[in-house]
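Trainee: Please give me a close look at one part of this structure, and show me how that part connects to its surroundings. I would enjoy a connected walk from residue to residue.

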Amino acid sequence: MNEEFDVDNNRCVIINYDLQDNIWWDETCEIVIKAFGMPGQRFKYSCDSDSMIFRFETIQDTLMCKLLLSYRL
């Protein structure tokens with residue numbers, strides 16, 4: 001499900017790696033998956049060496065993800 005797509009700030013959450021450790025990243029992914037399920041229906045993702053981008057189908061899910069991850073963004 002790792003796809004290229006246009007970044008729409010209204011429906012995307014960008015998480016920079018910023019030299020975080022694996023535990024931090026595992027916890028971040030766990031939060032997203034617990035709240036929104038596996039990628040495909042409610043969101044898709046894309047990643048590169050600097051960041052991961054979650055692109056949600058609805059603005060409501062985007063806002064909820066930003067709230068859930070606010071201390072990690």
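**From a helix to its surroundings**

Mentor: Let us start with Met64, which counts as partly exposed because its relative accessibility is 42%, between the 20% limit for buried and the 50% limit for exposed. Please keep in mind that this is a predicted model. Met64 belongs to helix 2, and helix 2 covers residues 59–68. On the surface, Met64 joins Leu67 and Leu68 in a nonpolar patch, and the three together have about 290 Å² of accessible area.

Now let us turn to Cys65. Outside its neighbours within four places in sequence, Cys65 is in contact with Val13, Val32, Phe36 and Phe56. Cys65 is also among the residues with the most contacts inside the largest nonpolar core, a group that includes Ile15, Val32, Phe54 and Phe56 as well. That core has 14 residues. The elements that give two or more residues to this core are strand 1 (12–16), helix 1, strand 2 and strand 3 (51–56). Helix 1 gives the most, with five residues.

Phe36 is a good place to pause, since its contacts lead back to helix 2. Phe36 lies in helix 1 and counts as buried because its relative accessibility is 6%, under the limit of 20%. Leaving aside the neighbours within four places in sequence, the residues that Phe36 is in contact with are Arg42, Phe43, Phe56, Asp61, Met64, Cys65 and Leu68. Two members of the surface patch, Met64 and Leu68, are therefore in contact with a residue that is itself buried. Phe36 also belongs to an aromatic cluster with Phe43, Phe54 and Phe56. For a sense of distance across the model, take Phe36 and Asn9: they are 27 residues apart in sequence, and their C-alpha atoms are 18 Å apart in space.

Asp61 brings us back to helix 2, this time with a charged side chain. Side chains of opposite charge can pair when their charged atoms come close. Asp61 does this with Arg42 in a salt bridge, where the closest N and O atoms are 2.8 Å apart. Asp61 lies in helix 2 and Arg42 in the loop between helix 1 and strand 2 (43–47), so the pair ties together parts that are 19 residues apart in sequence. Which of the partners, Asp61 or Arg42, is buried, and which is partly exposed? Asp61 is buried because its relative accessible area is 11%, while Arg42 has a relative accessible area of 35% and is therefore partly exposed. Beyond its neighbours within four places in sequence, Asp61 is in contact with Phe36 and Phe56 as well as Arg42, and both of these Phe residues sit in the aromatic cluster.

A search of the whole structure finds three salt bridges. Another of them starts just past the helix, at Arg72, which pairs with Glu27 through closest N and O atoms 3.1 Å apart. Here Arg72 is in the segment after helix 2 and Glu27 in helix 1 (residues 22–36), so this pair ties together parts 45 residues apart in sequence. Arg72 counts as buried because its relative accessibility is 13%, whereas Glu27 is at 34% and so counts as partly exposed.

For contrast, look at the bridge between Glu30 and Lys34, with closest N and O atoms 3.0 Å apart. Both residues lie in helix 1, four residues apart, which is about one turn of the helix. Glu30 counts as partly exposed because its relative accessibility is 40%, and Lys34 counts as exposed because it reaches 67%.

Finally, a word on the rings. A pair of aromatic rings is described by the distance of the centres and the angle of the planes. The structure holds five aromatic pairs. In one of them, Tyr17 and Trp25 have ring centres 5.2 Å apart and planes at 85°, so the pair is edge-to-face. Tyr17 counts as partly exposed because its relative accessibility is 22%, and Trp25 is buried because its relative accessible area is 17%; the limit of 20% falls between these values.

To retrace the walk: helix 2 holds Met64, which shares in the surface patch, and Asp61, which forms the bridge to Arg42. Cys65 links this account to the core, and Phe36 is in contact with Met64, Asp61 and Cys65 alike.

Methods. Residues are numbered from 1 along each chain as its sequence is written. This is a predicted model: local features need pLDDT of at least 70, side-chain atom pairs count only at pLDDT 80 or more; totals for chains, interfaces and linings use all residues. Side-chain values use heavy atoms; hydrogens and water are left out. Buried means under 20% relative accessible area, exposed over 50%, partly exposed in between (1.4 Å probe, protein chains only). Contact means heavy atoms within 4.5 Å. Rings of Phe, Tyr and Trp (its six-membered ring) pair if their centres lie within 6.5 Å; planes under 30 degrees apart count as stacked, over 60 as edge-to-face and the rest as tilted. A salt bridge is a side-chain nitrogen of Lys or Arg within 4 Å of a carboxyl oxygen of Asp or Glu. A nonpolar core is a set of buried Ala, Val, Leu, Ile, Met, Phe, Trp, Tyr and Cys residues joined through side-chain atoms within 4.5 Å. Patches are made of residues with over 30% relative accessible area and no salt bridge: like charges are joined within 9 Å, nonpolar side chains (Val, Leu, Ile, Met, Phe, Trp, Tyr) within 5 Å. Accessible areas come from the Shrake-Rupley method with a 1.4 Å probe; for residues, only the protein chains shown count as cover.
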